[in-house]
Amino acid sequence: MPTLQLWDETPLPSWSQLRRRLRDDPEVRALLLAELGRHPATAGRLAELRPYRAPTPTPSHSTWFAGTWTPDGTDVLVKINITFREQFWMAGASAATIGLVPRVLASDTSLGELDVAWLVLERLPYVYDPAWGAAGFSAMLAAAARFQVFAAGVDTPLVYEEGAGTIRYWAVGGRQLCAETEVLLKHLDADWAWVTGVAAPEVMFGDLHFGNAVFRAPPPGLTALLFDPIPRRQPWPFEPAYFEVLCGGSGLVAEMAAIRSGQGRPAGGPDEVGRLGALYRGWMALLSWSIQPDEAKRARLAEYVTAAARLDR
């Protein structure tokens with residue numbers, strides 16, 4: 001009898017956290033369902049499972065099912081083939097606190113004999129609506145700040161350690177965005193030394209955008225719950241600058257500084273926050289361009305780089 005081919009060998013894009021994906025095939029899905037039915041954490045607990053495609057801005061390379069968790073009837077999503085980082089951080093955050101990530105009802109680093117990590121997540125009813133305006137951005141920043149507080153107490157090697165070399169790699173990849181990129185590259189080491197002198201690296205959520213958040217209810221009282229973390233150690237301005245460059249909004253670095261100050265965490269004075277924001281928005285613009293050049297966004301991204309290049313040095 002021929003062996004079932006589980007893996008799709010099509011190369012994944014460079015930005016994907018996974019290096020391979022399961023085949024989108026009825027026989028593969030049937031095998032996954034059978035293993036879920038046998039696993040001690042899910043046997044007899046999952047009902048009405050059906051294929052699901054996550055409505056994310058970029059295609060998911062995991063395999064998803066939607067269904068119900070019995071006996072309480074909670075709507076759930078099953079996400080199979082994830083990184084060990086995602087499984088560790090999502091399960092850990094769910095167990096440690098509420099209101100940070102969707103509840104993780106079951107998870108493991110393998111499924112039967114399959115070397116794939118997976119999660120069963122509570123399925124929440126709302127995703128971001130642009131009509132929410134600034135409230136949506138504020139909810140995301142508050143969620144990221146809560147994650148940072150949680151992450152500060154977690155001792156694990158499952159974090160990307162990122163330094164000046166990482167920033168340089170991103171900048172070189174995006175250097176065709178505009179001529180001012182060369183200014184940022186020339187001053188990168190000195191700028192990085194200044195940044196880390198006023199904002200010591202700490203663990204961030206790492207991939208803050210509206211596609212990685214769900215909500216229990218619309219405004220008022222909007223609270224974001226995050227998923228798909230890419231935990232990385234960076235100075236704190238990384239998170240709001242990354243979010244602003246990807247999703248829009250304005251003044252997000254200053255808003256995050258105010259949130260951190262309210263938590264009793266270091267943020268710096270207004271001049272430092274302004275410079276931190278300008279540098280990181282420039283660097284994140286180059287990261288965005290290096291991953292997916294987008295002519296429609298080129299002018300806005302170039303403005304961020306130009307502003308960072310024109311800082312007094």
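This report describes helix α1, strands β4, β5 and β7, and the surroundings of Arg 232 in a predicted model.

## Helix α1

Helix α1 covers residues 26-38, 13 residues in total. At 1.5 Å a residue the helix should span 18 Å, and the 19 Å between its end C-alpha atoms agrees with that. At the start of the helix, the backbone nitrogen of Glu 27 lies within 2.7 Å of a side-chain oxygen of Asp 25.

Val 28, Arg 29, Leu 32, Glu 35 and Leu 36 are the buried residues of α1. They lie on the same side of the helix, because the arc they cover around the axis is only 120°. An α-helix has 3.6 residues a turn, so residues three or four places apart point the same way. The face turned away from the buried side carries Pro 26, Glu 27 and Arg 38, which are exposed.

## What α1 packs against

The buried residues of α1 pack against five strands, named here with their residue ranges: β2 (21-22), β3 (46-52), β4 (63-69), β5 (74-82) and β7 (117-122). Two of these strands, β4 and β7, pair with β5, as set out below.

## Strand β5 and its partners

Strand β5 is largely enclosed by the rest of the structure, since eight of its nine residues are buried. Its pairing with β4 is antiparallel and consists of seven bridges. The two strands form a hairpin with four residues between them. Gly 73, in the turn, has a positive phi of about 75°.

β5 also pairs with β7, again in the antiparallel sense, over six bridges. Val 78 of β5 illustrates both pairings: Phe 65 stands opposite Val 78, and the bridge partner of Val 78 in β7 is Val 120.

## Surroundings of Arg 232

Arg 232 belongs to strand β12, which comprises residues 232-234. Its relative accessibility is 8%, and buried means under 20%, so Arg 232 counts as buried.

Leaving aside residues up to four places away in sequence, Arg 232 touches Val 159, Tyr 160, Glu 162, Trp 170, Glu 202, Val 203, Met 204, Gly 206, Phe 238 and Tyr 242. With Gly 206 there is a polar contact: the side chain of Arg 232 reaches the backbone oxygen of Gly 206 at 2.7 Å. Ile 259 is 27 residues from Arg 232 along the chain, and the C-alpha atoms of the two are separated by 20 Å.

Conventions. Residues are numbered from 1 along each chain as its sequence is written. This is a predicted model: local features need pLDDT of at least 70, side-chain atom pairs count only at pLDDT 80 or more; totals for chains, interfaces and linings use all residues. Side-chain values use heavy atoms; hydrogens and water are left out. The expected span of a helix is 1.5 Å times one less than its number of residues. Buried means under 20% relative accessible area, exposed over 50%, partly exposed in between (1.4 Å probe, protein chains only). The arc is that of the directions from the helix axis to the C-beta atoms. Contact means heavy atoms within 4.5 Å. A polar contact is a pair of N or O atoms within 3.5 Å; within protein, one must be able to donate a hydrogen and the other to accept it, and residues adjacent in sequence count only if both atoms are side-chain atoms. Two strands pair if DSSP finds at least two bridges between them.
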